Amino acid sequence: MEALLDQLVERNELDQEELVCLLQQLKTGSRDRLFHLAVQTRKLHYSETVYLRGLIEFSSFCRQDCLYCGLRRSNTEAERYRLTEAEIMECAEEGYRLGYRSFVLQSGEDAYYTEARLIRIVTGIRRRCPGAAITLSVGERSEGFYRALFEAGADRYLLRHETASRPLYQSLHPGMSYDNRMECLRVLKSIGYQVGTGFMVGLPGQTLSHLAEDLLLLKKLQPHMIGIGPFIPHSRTPLGEMQGGTVDDTLVMLALARLLVPDALMPATTAMGTLDPLGREKALQAGCNVVMPILSPLRVRRKYALYENKICMGDEAALCRDCIEMRIAASGYRIELSRGDHCSYKERPRKYQS
Ligand code: SAH
């Protein structure tokens with residue numbers, strides 16, 4: 001294991017077979033050195049800083065039917081909601097008052113939020129929250145849509161690849177196309193977005209070889225942001241009775257992702273905090289450097305149920321920030337509320353700035 005880890009750090013390179021071998025060894029052997037290397041690597045680019053993003057989950061309607069997700073359209077028991085344009089802007093404004101300068105707007109794939117509506121929302125947030133970064137995470141859309149929203153002022157886009165294995169991807173995403181997901185990621189990057197991708201750990205049928213493919217895909221794509229979380233079964237989905245992913249397995253993937261993409265911004269996900277009260281802190285000790293407190297109104301929080309027993313369901317935005325700040329500071333990190341751009345990012349002149 002030592003030799004493979006050295007090779008990974010020194011040459012930033014391992015092939016799939018070597019990665020599988022390393023993953024096997026990490027299942028039983030000590031992970032201390034891996035986590036230490038991951039933390040050292042993060043420090044090179046971002047020192048002890050942990051960036052906060054305010055997460056606004058603005059619609060739980062979804063046209064897709066992903067087998068693992070509680071928001072899938074076939075889940076007729078899911079309670080659906082949509083925030084109005086005014087409500088979304090109020091959420092952002094409240095976050096802005098609390099000091100946030102980075103917002104993530106996430107939803108199911110909800111056609112109600114057309115290009116025109118989302119442009120109004122992005123423009124409105126830019127006007128009311130000057131200097132804040134806006135990240136969209138609204139699934140697969142057309143190139144024209146992505147371009148129009150970028151021009152309206154969206155800076156970043158999150159679209160996890162979910163799993164790099166084509167057969168596994170196809171089995172979990174009825175009616176969707178692996179190639180289209182990859183094409184969306186390519187287009188987003190070419191437009192100039194800071195792009196985030198990532199995957200779930202512990203999906204039914206997922207092997208170490210699949211996980212090695214996930215890591216190699218990250219290395220190939222070199223995304224600006226990487227979101228990795230454990231799969232958590234939701235009882236109202238076809239995978240409800242399956243075993244979920246574990247915090248320990250996810251920590252290994254986070255640390256390896258950090259070594260393969262040293263300058264990525266990597267959130268310690270809510271899913272980690274859901275499985276383990278200290279899950280997000282552990283993720284920071286495995287190389288993560290972003291935390292995303294939820295800003296959505298309390299009355300809708302429970303309804304954005306990708307999985308069950310999600311944390312932070314009862315905390316007002318202000319309280320949520322206090323709680324997370326305390327946790328991050330207690331782990332020895334420095335909280336940063338600025339835009340928190342990727343370290344390679346240079347502000348580019350854009351149409352709307354004239
Ligand atoms: N519709 C958007 C946002 C999806 S929800 C999109 O397509 O990008 C955000 C992420 O939650 C997903 O990308 C998926 O990786 C994760 N997720 C969904 N269901 C989950 C579950 N049951 N357990 C863990 N993570 C889940």
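Tyr112 is a good place to start: at 36% relative accessibility it counts as partly exposed. This is a predicted model, so keep in mind that everything here is computed from it. The neighbour in sequence, Tyr113, has a relative accessibility of 1% and therefore counts as buried. The two rings pair up, with centres 5.0 Å apart and planes at 85°, and that angle is why the pair is called edge-to-face. A pair of aromatic rings is described by the distance of the centres and the angle of the planes, and both numbers will come up again in a moment.

Now move along to Tyr157 and Tyr193. Their rings also make an edge-to-face pair, at 5.8 Å centre to centre and with 75° between the planes. Where do these two tyrosines sit? Tyr157 belongs to strand S5 (residues 156-158), while Tyr193 is in the loop between helix H8 (178-191) and strand S6 (194-201). The pair therefore ties together parts that lie 36 residues apart in sequence. Both Tyr157 and Tyr193 are buried. They also belong to a bigger picture: ring pairs link Phe145, Tyr146, Phe150, Tyr157 and Tyr193 into a cluster. Across the structure, the count comes to eight aromatic pairs.

Stay on strand S5 for a moment, since Arg156 is found there too. Is Arg156 buried or exposed? With just 1% relative accessibility, Arg156 counts as buried. Its side chain makes a polar contact with the side chain of Asp341, at 2.8 Å. For another arginine, look at Arg166 in helix H7 (residues 166-172). Arg166 is partly exposed, with a relative accessible area of 40%. Going by C-alpha atoms, Arg166 and Ser177 are 9.1 Å apart in space and eleven residues apart in sequence.

Next, the ligand. It is surrounded by 17 residues, and the closest are Tyr68, Ser107, Arg160, Glu162 and Ile232. What is the make-up of this shell in nonpolar, polar and charged residues? It divides into nine nonpolar, five polar and three charged. A few polar atoms are worth picking out. A polar backbone atom of Ser107 is 3.0 Å from a nitrogen atom of the ligand. A backbone N or O atom of Leu306 also lies 3.4 Å from a nitrogen atom of the ligand. From Arg181 the approach is by the side chain, where a polar atom lies 3.4 Å from an oxygen atom of the ligand. Taken alone, the ligand exposes 560 Å², and the protein buries 91% of that.

That leaves the cysteines. How many disulfides does the structure hold? The count is zero. Take Cys91, which is in no disulfide: the nearest cysteine sulfur, in Cys129, is 11 Å away. Cys91 has a relative accessibility of 6%, so it counts as buried. Cys343 tells a similar story about bonding. A disulfide is a covalent bond between the sulfur atoms of two cysteines. The closest cysteine sulfur to that of Cys343 is in Cys288, and because the two are 16 Å apart, they are too far for a bond. As for its surroundings, Cys343 counts as partly exposed, at 38% relative accessibility.

Definitions and conventions:
Residues are numbered from 1 along each chain as its sequence is written. This is a predicted model: local features need pLDDT of at least 70, side-chain atom pairs count only at pLDDT 80 or more; totals for chains, interfaces and linings use all residues. Side-chain values use heavy atoms; hydrogens and water are left out. A residue is near a molecule or strand if one of its heavy atoms lies within 4 Å of it. A polar contact is a pair of N or O atoms within 3.5 Å; within protein, one must be able to donate a hydrogen and the other to accept it, and residues adjacent in sequence count only if both atoms are side-chain atoms. Accessible areas come from the Shrake-Rupley method with a 1.4 Å probe; for residues, only the protein chains shown count as cover. Ala, Val, Leu, Ile, Met, Phe, Trp, Tyr, Cys and Pro count as nonpolar, Asp, Glu, Lys and Arg as charged, and the others, Gly among them, as polar. A disulfide is a pair of cysteine sulfur atoms within 2.5 Å. Buried means under 20% relative accessible area, exposed over 50%, partly exposed in between (1.4 Å probe, protein chains only). Rings of Phe, Tyr and Trp (its six-membered ring) pair if their centres lie within 6.5 Å; planes under 30 degrees apart count as stacked, over 60 as edge-to-face and the rest as tilted. Helices (H or I, at least four residues) and strands (E, at least two) are DSSP runs, numbered from the N terminus.
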